[in-house]
Amino acid sequence: MEDVLIRVRMSEHDTHYAGGLVNGSRMLDLFGDVATELLIRSDGDEGLFVAYDNVEFTAPVYAGDFIEARGKIIKIGNTSRRMEFIATKVISLDQAAQYESAASVLADPVVVCIASGTCVVPKEKQRGG
């Protein structure tokens, strides 16, 4: 199955901590959106997210950062869909620049979160994507 990708700019509304730091749960929101698209493409239904079995936050995210959230289905069961996710920072505000609005495209995107989990699409709702 193909990867699904979304790109989002973190805003001041996403911040939760001092210094414009974004709450890590925002990455899980993005993974939920990726999972929804994956399920629609594979089964024609949004399905239900059952559980994450692994979540690792690997770098901070700040307001102004552009985040790419990507996911794929790695195993298909009767009703379950096992998925893996990765979120990377691809653009970051440049704290050392002369202007507050300066930003840089990162030559090497920074992994900010990885996760895996399982979603379910009840048999009666599966209709192909």
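Right after helix H1 comes Gly-44, with a positive phi near 70°. This is a predicted model, and H1 is a good place to start looking around it.

How does the span of H1 compare with what its 19 residues should give? H1 covers residues 25-43, and at 1.5 Å a residue it should span 27 Å; the end C-alpha atoms sit 26 Å apart, so the two agree.

Which residues of H1 are buried? Arg-26 and Met-27 are among them, then Leu-30, Phe-31 and Gly-32, followed by Val-34 and Ala-35, Leu-38 and Leu-39, and finally Ser-42 and Asp-43. In an α-helix there are 3.6 residues a turn, so residues three or four places apart point the same way. The cover over the buried residues of H1 includes these strands:

| Strand | Residues |
|---|---|
| E1 | 4-9 |
| E3 | 21-22 |
| E4 | 48-57 |
| E5 | 66-76 |
| E6 | 80-93 |
| E7 | 103-120 |

Now for the whole chain. There is one helix, along with seven strands, and the order along the sequence is β-β-β-α-β-β-β-β. Of the contacts with a separation of 6 or more, 72% link residues 24 or more positions apart.

The C-alpha atoms fill a box of roughly 55 × 25 × 20 Å along the principal axes. Out of 129 residues, 34% count as buried. The accessible surface is about 7,400 Å², with 50% of it belonging to carbon and sulfur atoms. As for charge, the chain has 13 positive and 19 negative charges, and their mean positions lie 7 Å apart.

Terms used. Residues are numbered from 1 along each chain as its sequence is written. This is a predicted model: local features need pLDDT of at least 70, side-chain atom pairs count only at pLDDT 80 or more; totals for chains, interfaces and linings use all residues. Side-chain values use heavy atoms; hydrogens and water are left out. Helices (H or I, at least four residues) and strands (E, at least two) are DSSP runs, numbered from the N terminus. Buried means under 20% relative accessible area, exposed over 50%, partly exposed in between (1.4 Å probe, protein chains only). Contact means heavy atoms within 4.5 Å. Accessible areas come from the Shrake-Rupley method with a 1.4 Å probe; for residues, only the protein chains shown count as cover. Lys and Arg count as positive and Asp and Glu as negative; His and the chain ends are not counted. The place of a charge is taken as NZ of Lys, CZ of Arg, CG of Asp or CD of Glu. The expected span of a helix is 1.5 Å times one less than its number of residues.
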